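User: I am new to this protein and would like to see how its descriptive terms are earned. Please show it to me and explain the words as we go.

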Amino acid sequence: MSNEDIKEEKTEETPAEEESPEVVEEATEDVSEEAGTPEEPEEDEELTLLKKENDEIIKELSDLKDKYQRLAAEYDNFRKRTQKEKAEIYPDAMVAAIKEFLPMADNFERAASAETTDEKYKSGVMMIQNQLSDAFKKLGVEIIDPKGEEFNPELEDAVTQIIDENLGDNVVAEVYQKGYKRGDKVIRPAMVAVANC
């Protein structure tokens, strides 16, 4: 074969090769157009659904978080209120219970100061009075017995006024009934007579 023949064969082969890439490109474009067109809307719909579902989950999570925070705050308020009520109830209940024993303490004091010839009776009354006094001390109860001290209207009730030159102004001259207090709380004020008001 001569060089010319070889050139002709190559020339004939070249156009065929050039055509085939164009055909392949057209075929690829056709396939991608056919495949791409339906896939894009599906992906957009799926993405939209996922975004919508994500937004709903975020909203639900936010609502649950809000409910949880409100519940935690309500519980904390309930706990504090309960502790405060407990702290207030105990001293009030203690004072109410002690008040019921005060008439008994007054009667034992009167019985102990009464004149009697029966020493066993008197020592028995004194023992009971001392036991009651010890019980009051254990409960933190203090006796208010202000005779000779300046009148204090927060701790004493003045039932009478007297004039006594031996006492100063506004001084407790006589205690008719002892008072009792527990801490700062007055259980029963002392009933007193005040001199020179």
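Analyst: A residue is buried if its relative accessible area is under 20%, exposed if over 50%, and partly exposed in between (1.4 Å probe, protein chains only). The model is predicted: local features need pLDDT of at least 70 and side-chain atom pairs 80 or more, while totals for chains, interfaces and linings use all residues. Residues are numbered from 1 along each chain as its sequence is written, and side-chain values use heavy atoms, without hydrogens and water.

User: What makes strand 6 mostly covered?

Analyst: Five of the six residues in strand 6 are buried, so each of those five falls under the 20% limit. Over the whole protein of 197 residues, 16% count as buried.

User: How many helices and strands are there, and in what order do they run?

Analyst: The protein has two helices and six strands, running α-α-β-β-β-β-β-β from the N terminus on. Helices (H or I, at least four residues) and strands (E, at least two) are DSSP runs.

User: How do you know which strands pair with strand 6?

Analyst: Pairing requires at least two DSSP bridges between two strands. Strand 2 and strand 6 (residues 190-195) share six bridges in the parallel sense, so they pair. Strand 3 runs antiparallel to strand 6 and is joined to it by five bridges, so this also counts as pairing. Among the bridge partners, Asp-157 has Met-191 in strand 6, Gln-161 stands opposite Val-194, and Val-172 has Val-194 as its partner too.

User: Why are strand 2 and strand 3 called edge strands?

Analyst: The open sheet of three strands has the order 2-6-3, with mixed pairing. Strand 2 (156-162) and strand 3 (171-177) each pair on one side only. Ignoring direction, neighbouring strands of this sheet are turned by 35° against each other on average.

User: What makes strand 4 and strand 5 a pair, and what is notable in their hairpin?

Analyst: Strand 4 and strand 5 (residues 185-188) share three antiparallel bridges, so the minimum of two is met. Lys-181 has Val-186 in strand 5 as its bridge partner. Two residues lie between the strands of this hairpin, where Gly-183 takes a positive phi near 65°.

User: Why is the link between Gln-177 and Asp-106 called a polar contact?

Analyst: A polar contact is a pair of N or O atoms within 3.5 Å, one able to donate a hydrogen and the other to accept it. The side chains of Gln-177 and Asp-106 meet at 3.1 Å, so the distance lies inside that limit. Gln-177, in strand 3, also touches residues including Arg-188, Ala-190 and Met-191; contact means heavy atoms within 4.5 Å.

User: Where is confidence lowest and where is it highest?

Analyst: pLDDT is the predictor's confidence in each residue, from 0 to 100. The protein averages 82, and 79% of the residues score at least 70. Helix 1 (residues 3-113) is lowest at a mean of 77, and strand 4 (residues 179-182) is highest at 94. Over residues 14-19 the pLDDT is below 50, and this stretch has zero contacts beyond near neighbours in sequence. Where pLDDT is low, the predicted coordinates should not be read in detail.

Note on methods: Axes are lines fitted to C-alpha atoms, for helices over the stretch in contact, and angles run from 0 to 180 degrees between N-to-C directions. Lists of a residue's contacts leave out its neighbours within four places in sequence.
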